[in-house]
Amino acid sequence: MSQVFLTADTHFFHKKILEFERAARPFSSVEEMNEVLIDNWNATVTKRDTVWHLGDVCFGKVENLEILSRLNGTKNLILGNHDRHGIHNYLRYFRKIEAAKKYDGYLWTHIPVHPGQFYRFIGNVHGHLHSGKIEDPRYVCVSVERYNLAPIAWEEIKHAK
């Protein structure tokens with residue numbers, strides 16, 4: 001049976017993330033980080049699964065997006081503030097690209113939404129904060145730093161609430 005997974009903020013090829021998130025990404029090089037992210041993704045996600053990446057996929061030149069071809073599953077993207085290579089480049093690797101997605105009563109975004117939106121949604125699943133935290137249980141951050149540098153199953157998030 002296939003599953004739906006979420007993740008955010010992989011930041012493939014981003015050297016500075018090794019400084020910003022040293023505790024969660026204790027790698028000696030960006031190449032080592034990339035390989036661990038790929039290995040963890042593929043150990044978690046099968047080829048039949050669907051993954052929603054909630055933004056900030058990859059840094060550097062547009063050719064760096066090719067790394068996404070090594071990841072299992074059908075991939076979809078919620079655009080993040082660092083996803084700047086033009087939609088046509090991302091469509092080579094992602095089936096769908098959206099700004100936000102409503103799913104099971106939740107809103108999936110890259111950047112957390114204003115709390116005034118909760119009259120419309122059960123919660124907000126987002127990225128962007130990495131190791132940072134909003135002290136409100138309606139927010140669920142799926143940045144890779146939160147889940148051992150791997151995607152997390154939607155059912156696991158939904159039932160943890």
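Two open sheets and a pocket

In this predicted model, one open sheet comprises 4 strands in the order β5-β6-β7-β8, and its pairing is mixed. The edge positions are taken by β5 (101-103) and β8 (139-141); each has a single partner strand, so one side of each is left without a neighbour in the sheet. On average, and with direction ignored, neighbouring strands of this sheet are turned by 25 degrees against each other.

Within this sheet, strand β6 (residues 106-108) and strand β7 (residues 124-126) run parallel and are joined by 2 bridges. At the residue level, W108 has V125 in β7 as its bridge partner.

The strand β8 also leads to the largest pocket, since β8 and α4 (154-160) each supply at least two residues of its lining. The volume of the largest pocket is about 240 Å³. Its lining consists of 16 residues, of which K133, Y139, V140, C141 and Y147 are the closest to the centre. Sorted by class, the lining of the largest pocket holds 10 nonpolar, 1 polar and 5 charged residues.

A further open sheet contains 5 strands in the order β4-β3-β2-β1-β9, again with mixed pairing. Here β4 (96-98) and β9 stand at the edges; because each has a single partner strand, one side of each is left without a neighbour in the sheet.

The pairing in this sheet can be followed from strand to strand. Strand β3 (residues 74-78) pairs with β2 in the parallel sense, over 4 bridges. Strand β2 (residues 50-53) in turn pairs with β1, likewise in the parallel sense and over 4 bridges. The partner of β1 in the antiparallel sense is strand β9 (residues 152-153), and this pairing extends over 2 bridges.

Individual residues trace a path across these strands. N76 in β3 is the bridge partner of W52. W52, in β2, stands opposite L6. L6 also stands opposite I152 in β9. The residues N76 and W52, W52 and L6, and L6 and I152 thereby form a series of paired positions through the sheet.

Next to L6 in the sequence comes T7, which lies in strand β1 (residues 4-7). In a regular strand, side chains alternate between the two faces of the sheet. Is T7 buried or exposed? With a relative accessible area of 0%, T7 falls under the 20% limit and is therefore buried.

Which residues surround T7, leaving aside those up to four places away in sequence? T7 touches W41, V51, W52, H53, L54, V142, V144, A150 and P151. Among these contacts, V51, W52 and H53 fall within the residue range of strand β2 (residues 50-53). One further relation links T7 to a distant part of the chain: T7 and L129 are 122 residues apart in sequence, and their C-alpha atoms are 12 Å apart in space.

Conventions. Residues are numbered from 1 along each chain as its sequence is written. This is a predicted model: local features need pLDDT of at least 70, side-chain atom pairs count only at pLDDT 80 or more; totals for chains, interfaces and linings use all residues. Side-chain values use heavy atoms; hydrogens and water are left out. Buried means under 20% relative accessible area, exposed over 50%, partly exposed in between (1.4 Å probe, protein chains only). Contact means heavy atoms within 4.5 Å. Two strands pair if DSSP finds at least two bridges between them. Axes are lines fitted to C-alpha atoms, for helices over the stretch in contact, and angles run from 0 to 180 degrees between N-to-C directions. On a 1 Å grid over the protein atoms alone, a cavity is a set of points where a 1.4 Å probe fits but cannot get out, and a pocket is an open set with protein on both sides within 12 Å along at least five of seven lines; lining residues have an atom within 4 Å of a point. Grid points are joined across faces, edges and corners, and a volume is the space filled by probe spheres set on the points. Ala, Val, Leu, Ile, Met, Phe, Trp, Tyr, Cys and Pro count as nonpolar, Asp, Glu, Lys and Arg as charged, and the others, Gly among them, as polar.
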